[in-house]
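Visitor: I'd like to talk through the charged pairs in this one. Can you show me the model and take my "how do you know" questions?
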Amino acid sequence: MSKADVLFVNMCREILDHGFSSEGQVVRARWEDGTPAHTIKTFGVVNRYNLQEEFPALTLRPTAIKTAVDEMLWIWQKKSNNIRDLKGHIWDEWADETGSIGKAYGYQMAQKYQFAQGEMDQVDNVLWQLKHTPYSRRILTNIYNFADLSEMHLEPCAYSMTFNVSGKTLNAILHQRSQDILAANNWNVVQYAVLVHMLAQVSGLVAGELVHVIADAHIYDRHVPIIEELIQRPQYPAPKFRLNPEVTDFYAFTPDDVMIEDYQKNPQIKDIPIAI
């Protein structure tokens, strides 16, 4: 059975059985009808995914892996903050008439900084360090820039990646301030698992462990019955994952270079209500 399924079920059960409810509190998020969107949450969830053992896609319901990868590359490779550069429509709600989501996500990745080895942006610095100083303890990105928060249409949820190399193994920690567990959990896990694989391949390393740290892991009130049904579903083995081995330049990767095989999964859940 998929270990990602087991982690997901255990996390959801912990939130539902022992989480803190925001009922009675003032909350920012609203449902489309204007009703306050309350949550049940757990603070400080830490999930560990061994990428050498399996690819961490849920089988409880399908994750649109290539669409998720397209969004990850939109941020990390295109360094874009405009939804017109994105195939999916996840960000449509936060875009202005020009398609921009403000100084968020890819915009922050594109900002150049002065380093000892010259001027480069955060992604290029990670790529440089993985090749030239792989044992550095300073290989990280952070897009939660307080100076620009007022000009972001949405403050970043998954905001930082820390990379660490042991021998020839690339490990990483994804730091997330907040996560809608039903809508986004496996989406983000899959994205950053693929990112670790890509960075490892172009750096002469192998992908190791992805550690996902979530400060506020929450289930929205209208998602509770969906989650209760979801975690009772049968679980299947994780799908097989391969990257196109011919790609040696991170900026040459496309979603089509991600190959998923034998992905057995349960039916998709349609029309999930999203709180804004």
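Visitor: What makes Asp-262 and Lys-240 a salt bridge?

Guide: Keep in mind that this is a predicted model. The closest N and O atoms of Asp-262 and Lys-240 are 2.9 Å apart, and the cut-off is within 4 Å, so the pair qualifies.

Visitor: Where do Asp-262 and Lys-240 sit along the chain?

Guide: Asp-262 is in the segment after β10 (258-261) and Lys-240 is in strand β9 (residues 240-243), with their positions 22 residues apart. Both residues are exposed.

Visitor: Why is the contact of Lys-79 with Asp-124 called a salt bridge?

Guide: Their N to O distance is 3.8 Å; the limit is within 4 Å, so this one counts too. Lys-79 lies in the loop between α2 and α3 (106-110) and Asp-124 in helix α4 (residues 122-132), so the bridge ties together parts 45 residues apart in sequence.

Visitor: Why does Lys-79 count as buried?

Guide: Its relative accessibility is 13%, and buried means under 20%, so the label fits Lys-79.

Visitor: And what makes Asp-124 partly exposed?

Guide: Asp-124 comes out at 25%. Buried stops under 20% and exposed starts over 50%, so Asp-124 falls in between.

Visitor: How do you know that Lys-3 forms a salt bridge with Glu-53?

Guide: Here the closest N and O atoms are 2.5 Å apart, which is within 4 Å, so the rule is met. Lys-3 is in helix α1 (residues 3-18), and Glu-53 is in the loop between β2 (39-50) and α2 (65-76), 50 residues apart.

Visitor: How many salt bridges does the rule give?

Guide: The count comes to 13.

Conventions. Residues are numbered from 1 along each chain as its sequence is written. This is a predicted model: local features need pLDDT of at least 70, side-chain atom pairs count only at pLDDT 80 or more; totals for chains, interfaces and linings use all residues. Side-chain values use heavy atoms; hydrogens and water are left out. A salt bridge is a side-chain nitrogen of Lys or Arg within 4 Å of a carboxyl oxygen of Asp or Glu. Helices (H or I, at least four residues) and strands (E, at least two) are DSSP runs, numbered from the N terminus. Buried means under 20% relative accessible area, exposed over 50%, partly exposed in between (1.4 Å probe, protein chains only).
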